[in-house]
Every structure is written in C-alpha cells, then in structure tokens.
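Q: Could you take me through this structure one feature at a time, giving the general idea before the particular case?

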Amino acid sequence: MSAVTSALELMAGGYAAGALLPLAMPSPRAARLATAAGAVAGSAGGLLAGALVLATGTPVAAAFPGLVSAAGGIAIGLDRLGALFLALTAAVSLLAAIYGASYTAEYDGRRSLGAFGFTFNLFLLGMALVPCAANVFTFLLAWELMALSSYFLVMTDSARVETREAGLWYIAMTHFGFVLLLPMFLLMAPSADLTTFADLRAGAAALSPGVRNVVFLLALLAFGSKAGIVPLHVWLPRAHPAAPSHVSALMSGVMIKLGIYGLIRVAFDFMPGGPVWWGGVLLAAGCMSALLGVLYALMEHDLKRLLAYHSVENIGIILIGLGAGAVLQRFGLGALAAIGFAGALFHTVNHASFKALLFFGAGGVIQQTHTANMEELGGLIKRMPHTALYFLVGSAAIAALPPLNGFASEWLVFQSLLAGTHIPRPEIAIGFPLAVGMLALTGGLAAACFVKAFGITFLAMPRSEHAARAGEPPWSMRLPMLVLAAACLVLGVASPVVVRGLLVIGESVPGLSAHGAVQAPRFWLTVPGSPTQVSPLMIAALLGAIVVVAAVVLRMRGLALRRADTWGCGRIGQTPRMEYTASAFAEPLRRVFSELYRPAEDLSISAHPESRYFVRTITYTSHVVPWFERAFYDPLIRGTRAVATRVRRLQAGSIHLYLLYVATALVLALVSAWWLQ
Amino acid sequence: MTGLFSQLVMLGSSGMLLTALIVLWRRGLPAYIAAYRWQSWLLAAVVATIAHFGDDTSLYWVAGALLVLKGIAIPALLGAMRRRVGVTPQVTPFVNTETSLLVASLLVVFAYLLARPWMAVSHLPTREGLPLAMALLFVSLFIIVSRKKAVTQVIGFLMLENAIALLAAVGTYGVPLLVELGVFLDALMGFLVMQIFVYHIHETFDTIDVDELTRLRH
C-alpha cells in the first residue's frame, strides 16, 4: 500500500524534475539528458506502481481535498484496470524517453530543448495521471494536461505548413471531445459536490435508461475522438506524422489507448449491463474503423501516415473485441464474453508495443534519411540491419503472424466473434459473420500493407541519395526497439499467461466481469465450450525447429552461400528506377476499391518536339480522396466559416460601436432586472 | 435636519448631472474640462455632506481625496493633454446637440424608472440622489458612445467614474475608505493609460479622431 504511494510519488517527482530541470540547463545536450533522466525516473515510478497494484490486486486511493478544493480536490485511485493502463503508459514512456534523448539531437541549437523537455514531461505526467484519477476534476485536469502538452509537442516543427494544419485539426478534435466529456460527467454526477468516481458509479446506477443511453453516446464520441474511431479519426494521420517520432509513438501507442480506457471506465465500469445495442454500436464502429483504417493505410506512401492509419485500424479491432464481448455478455454467455474483453485488453497492450516499435523504427529511418516518403527509401536493410530486423518484427506482429503477440490477441477477438453462433437471433446471425469477414479482410490487407511498408522501405536498392547514405541510429534509439521487439515475441509466446492476468483484470470491472465463469488458460489459448485451441509457444517451437532443420539439411548438402546480382530480365544495368514502387504495389487494391478511394490521377507525357514517339518525361501523380472526410467535415468547416464571417460583422473596428454594445448590454441587463422583479 | 440633508444631497447630485449635460451642449475642450472640474467638486461636496450628517469621519478623507485627485489633479492633467495635442476647438459629435439633449432627457426618465424599486426599499435620507446618479451614469455612457475625439471619451469615462462614486455614496453612505482608495487608484491608472493612448493615437494618425481607428482593422 505504502509502496504504491511512494512509487506514485516517485512518478510525480520524476516527471516534475524532468519538466523543470531542462529549463535550467546550459547546453542543449544537458537539456536532452535532463529531460530523459526525469522522464525515466517518473516512468519507472509509474511502472512500479502499476505493477504492484496488478500483482497484489489491492486498489490504492489517496485524496488531497485541500488542493483546488473548490473543484472537488485532487483524488488519486488505482484499481486493476487503471493499473494496467498506468503500467502500459509508463513502460512505453520509459522507452520513448530513452529514445528521445538521441532523437531530439536534431533540434540542438534549432529550438529550445528546455521547453521541449518541459512539455514532454508534462505530457507523460498527464497520460500517467489519467488512469490514476479518481474524481472528475482530476480526470479532466490530467486529460487536458495530456491534450494540451501533446498539442505543443505536435507543433514542434511549427515552421511547416502541414504541422500547423495538423495542430489545428488536433486541437479542434480534442476540444470537441472535451466539450462532450463535461456533460457526460455532469449527467452521471448525483450532485455538484459529489464527483468522485464512486459517486458517479452510484449516480449512474440511478439514471433512467434514456439518460444512460445519452451518457454512453457522449462517452463514445468524446473518447472516440481521442481514440480515433472513424469518422473522428481525421486528426491521427495529420498529427502523428507532424510530431517527433517518439512523441508519435507515445500518442499512437498510449494516448489513444487512454480513449479506450475512458470508454471502458464509463461504459463498462460506471454503467455495467447496458443494452445489446451498445455492444452492437461498438462492434459496428470497430468494423468501420478497422476496415477503413487499413484501406487508407494501404494508399499512404508516407511511413508515419501509414502507421497512423494503422492505429485507426487497431483501435477498430479493440472495439470489435469490446463490442462482441458486450453483446455476448448480454445473452448470458459470460465466459465467451470474457474472451472478447480479454482480447480487446490484450490487443490494447499489444498495439502499444508494436506500434511504438514501428514508430521508433520509422523515426530511425527519418533521422538517417530525412524523409518519410517510402518512394525515396529502399535498401535500408543493408545500411541499418538492426532497425530493419526490429521493424520486421513489428510488422509481423501488427500483421498478426504467429507466434507474435498480434496473432494471439486477434485470435481471441476472432473467437469471440465466432461465438456469436451461440445466439439464436437473426440480427446477430447476420452481424457477427459480417464482422468476421470484415476483420479477416482487415487482417489480410494489413499484412499486404506491411509487406509494402517493409519491402519498399528496407529492401531492394536505395531510391535516393539520402537512403544510400543512411546509417544505423545510435544505441539509445536501438535499445528501446530491441526491448519492444522482445516484448512482442514474449507477449505472443507467453500469451496464455498474459490472458490469465487480463481475465483477472476483466473480473474486477463490473461490466467486463463474467462472474466467475471464466476458464483461465494454462498452456494453450482456449475457448470455453469449444474444442478450438492454439498455442503460440508450440508454433514458435515448430517454426524454430523448421529453421534449425533447414539449416542442418543445407549444411549437410554442402550448399555454400553465393552472392550474385538479382536476375534483371537480361538488362545489363540495374537502377533503382526499375524497382517496384509503393504506388505500384498498391495499384491493384486501388483499382479494386476505386469506389471508396475515388482516385484522382494525373498523367502528363512530354514528347520530343520532332516526334511524338520519343518521350522525354512521363509524370504520373495520383492521390486518393477520403470522401467521407469531404462529406462529413467540409460542410462543417464551411458552415463554421459562414457563421464566423457573419459574426465578424459585429467586429466593425469602430470604437463607438463597441462602446455602444457595452452601453446597450448594460441597459438591457438593467431593464431585464427591472422587468423581472 | 434630515430634510436639509436630503435637500443638499439632491442639489449636489442634480448639479453633477447638469455638468454632464453641459458636455452634450457646449463645444470645445476647455468647457468640458471645466464641467468635469465642477462635477468633481460637487461630488466632493456631496460626500462631505454625507460625512457631516451621517457622522462618518472617514468620509471626510474620501471627500478630501476626491477634491485633490478629481477636482485638481486630473483636470490639470487634462489641460496639459489639451495643450500637447492641440485639439481644434470644434469638437464634432456623432449626434447633433438637439438630438443629444433629447436622448439625455429620455435617459434621465429611464433612470428614474429603473431606480423606482430601489427607492422603495431604501430608507436612507440620501435616496433621492439614486435616480440622479443612475442618470449621470447613462449620460456619461452616452457621451462616450457619441463623441468622436479620444479626449472627449476620456472625459466621458471620468464622468462615468464620478457617477459610480456618487451612486456608492448615496446608495450606501459610501464604501469603506480602503475600497474607495482602490477605486481612485484604478481611475487614475485608467486615466494615465488612456492619456498615453491618446498621445500615441495622435502621433500615429495625426488626429485623435477615434473614427480613424477603423483603419487598424486587418
């Protein structure tokens, strides 16, 4: 109990030191190291606190009612669910801090690293406090701290137009979410001075079904805008590429997960046992997000934008697990529902590990080549073999290849969907198989997308000078990648153990609980009431055995390694221009899904003036139009502009008019007071 | 005794309102400054009257401070400002004199209407001054809105300030000395800031016609 409190104190102290010390540092290098040192200390404290609560299972609570007492004071509480997210946040923060120490070296002398360290540590503190908050004020404080500091981190490269645009989208979407959070909490709070989470739980239980539905929808929209659910995901593919890579890793790996945390906290903890359609809505939103996320990711040739769209996809998969679990639970299939919930939580953990890994890898590539455009990369596997290996592991994990962790969690989500056959209702008999199909398509497309991402970036020959001159990033950037790659493997191989732990966490949340009907897996991942089972450990052993046998056989046959040119169709010179490109790779899919993409193509051929058979240059550009963004956001933006233009007429610039407004307002106030009395 | 008290307060308040109306009616900055000076002296006199009849010695201090600050110091500063800016004697209003006076009379009627419920609950002998103070407040606001030159607006603001002081004095027998001092300081600061602005506007635009400030847009 007291150990957890001291760990939390270490967390707050470490982050505070990491925020303040860089400001006082004389050199950029010292500021970078101070930022990292504080962040590492804080994250270690957070990790320790989370791990202790997870290990002992005893919730911890601490209240400081004296701090900002008017708003209800600061209240900290850590239960199993919060501890999971705190540990996750702290673990990724720790690695990102180490990574950032070298990664931010490119800003030396260009911008204030003291200010960067300050916002970075505040961001980490905000994220760590969100799962620790135990009343509305603390939660909103941490939430806004996280949102605002991450906005400033996104704006690090504010000289670029894209960054400023991304910042605007991000701040607009995050405030949209915040505006919905306030009424959501207000509806649940029984009275203005009862705002602890325990009060909310009690208050939510007394709400009428109609109000509960409103609260659920508000939570879905508010937390969905943070998590990046389609169509609220628009800020992700803009903000993630604009931020420095370790910040992208944190935003994508952890921050959007806190949206999931909020959703679970409100929809499953405060208001357990919601109607079936809640699950259905989660499931539908998840399917849309997963499929559209991966489809748009396929069309991206910017490494970080591609990864950002994959975050949308993975949030979708998490929601599918939650939604399927909620539906199953409503029909009394608690044990099967627990599989879905465990799958969703597991995928949350897994996505944090492999997406942070991939963003770290992309950051290494960007640091070395100064571009994230895949069409200018290539051949990096020879220049940066370690980074390539880690990126490959991350790609395999996100593509759900066994025995890595992505496979285990997606398998669980699939199983929960297949369990829909137990429910004899027509809408579920149609909906669940449809979801299975969409998830399967998503999985396949994700694999294709990462074949593209890895293949075009790391294989073949360099497509630009920058790529040809790249080198391995420093060890402090490789170490976090190594740790995360190892985590992907361990979480996959040891998945039955992890799932057992997650089932315990699920039991502690009222809405996720199966009331003891859970069968904890031991060695195999199993599904209750079904013979289906799988063991990632066995798969890993089998794969290892195949590699060993193949190596032995090759050695015995005496086949030596032979280096030679790739067969180039008889051509003599091989140049990078003959290589497969990312656009070409994605072309078949773009044709198949042309209804969705509405691709705009522009082909211009300039021929020799003497004869049109001698072509000088061919320029081909194409881009996809995210039509629902157009359909959804364009009218919104136009409407806002129109209203703003009209309102601006009030601002005539004439002092007399302004003074007249003041005088009129005063007179009107007095008249209304006189009239009302 | 009480009759004399309320008669004196009413006389002072009416005089203050009259000085405000002078601004609407006369042209030229010296006349305005003189009107403001008279108004401040009357305010000091009203406060002193309340101090005498209400047996509140601290209000004598307030009256003295009012006299020194608003009756002497600020008019002197206004005079200095006038000399430095060198305003043309003709001060052009947005609204012509006849209409201004008509509007002012309507505002006075409105103030009496508004003050009626307040007068019903107040038992102070000074309550007759309440509608007059409200009327002064509205007329000052009208001066600010309807005049073009920045200096005139400063005078309107200062009269508004006087109106609030009068309202406090007749409504509650004055506020505590400390609060009153705070308000003085506030008014003085506001005045100094506005003075600087007037100079800057003058230097930048070669006029203190605030209508020209529209050019600052965009």
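Q: Why is C449(A) not bonded to the closest cysteine sulfur?
A: A disulfide requires two cysteine sulfur atoms within 2.5 Å. In this predicted model, the sulfur of C449(A) lies 17 Å from that of C488(A), the closest cysteine sulfur, and this is too far for a bond. A search over all chains accordingly returns zero disulfides. C449(A) is buried, with a relative accessible area of 0%, and C488(A) is likewise buried at 0%.

Q: In which helix is C488(A) buried, and what covers the buried residues there?
A: C488(A) is one of the buried residues of α19(A), among them also M477(A), L484(A) and L491(A). Their cover includes α3, α13, α15, α16, α20 and α21 of chain A. The helix itself, residues 475-493, has 19 residues and spans 26 Å from its first C-alpha to its last, which is close to the 27 Å expected at 1.5 Å a residue.

Q: How many salt bridges are found over all chains, and how should I read one that links distant parts of the chain?
A: The search finds 13 salt bridges over all chains. In one of them, the side chains of R201(A) and D269(A) meet at 3.0 Å, N to O. This pair links helix α7 to helix α10 of chain A, with R201(A) in the former and D269(A) in the latter, 68 residues apart. R201(A) is partly exposed at 32% relative accessibility, whereas D269(A) is buried at 4%.

Q: What separates R591(A) and E587(A) in helix α22 of chain A?
A: An α-helix has 3.6 residues a turn, so residues three or four places apart point the same way. R591(A) and E587(A) are four residues apart in helix α22, and therefore about one helical turn separates them. Their side chains meet in a salt bridge at 2.7 Å, N to O. R591(A) counts as exposed at 59% relative accessibility, while E587(A) counts as buried at 18%. Elsewhere, salt bridges that share partners join D79(A), R201(A), R265(A) and D269(A) into one network.

Q: Where in chain A is confidence lowest, and where is it highest?
A: Where pLDDT is low, the predicted coordinates should not be read in detail. For chain A the mean pLDDT is 89, with 98% of its residues at 70 or more. Confidence is lowest in strand β3 (residues 525-526), at a mean of 78, and highest in helix α15 (residues 385-398), at 95.

Technical notes: Residues numbered from 1 in each chain as written. Chains lettered and ligands numbered in written order. Predicted model: local features only at pLDDT ≥ 70, side-chain atom pairs only at ≥ 80, totals over all residues. Heavy atoms only, no water. pLDDT = per-residue confidence, 0-100. Helix = DSSP H or I, 4+ residues; strand = E, 2+ residues; numbered from the N terminus. Expected span 1.5 Å × (residues − 1). Buried < 20%, exposed > 50% of the residue type's maximum accessible area, 1.4 Å probe, protein only. Contact = heavy atoms within 4.5 Å. Salt bridge = Lys/Arg side-chain N within 4 Å of Asp/Glu carboxyl O.
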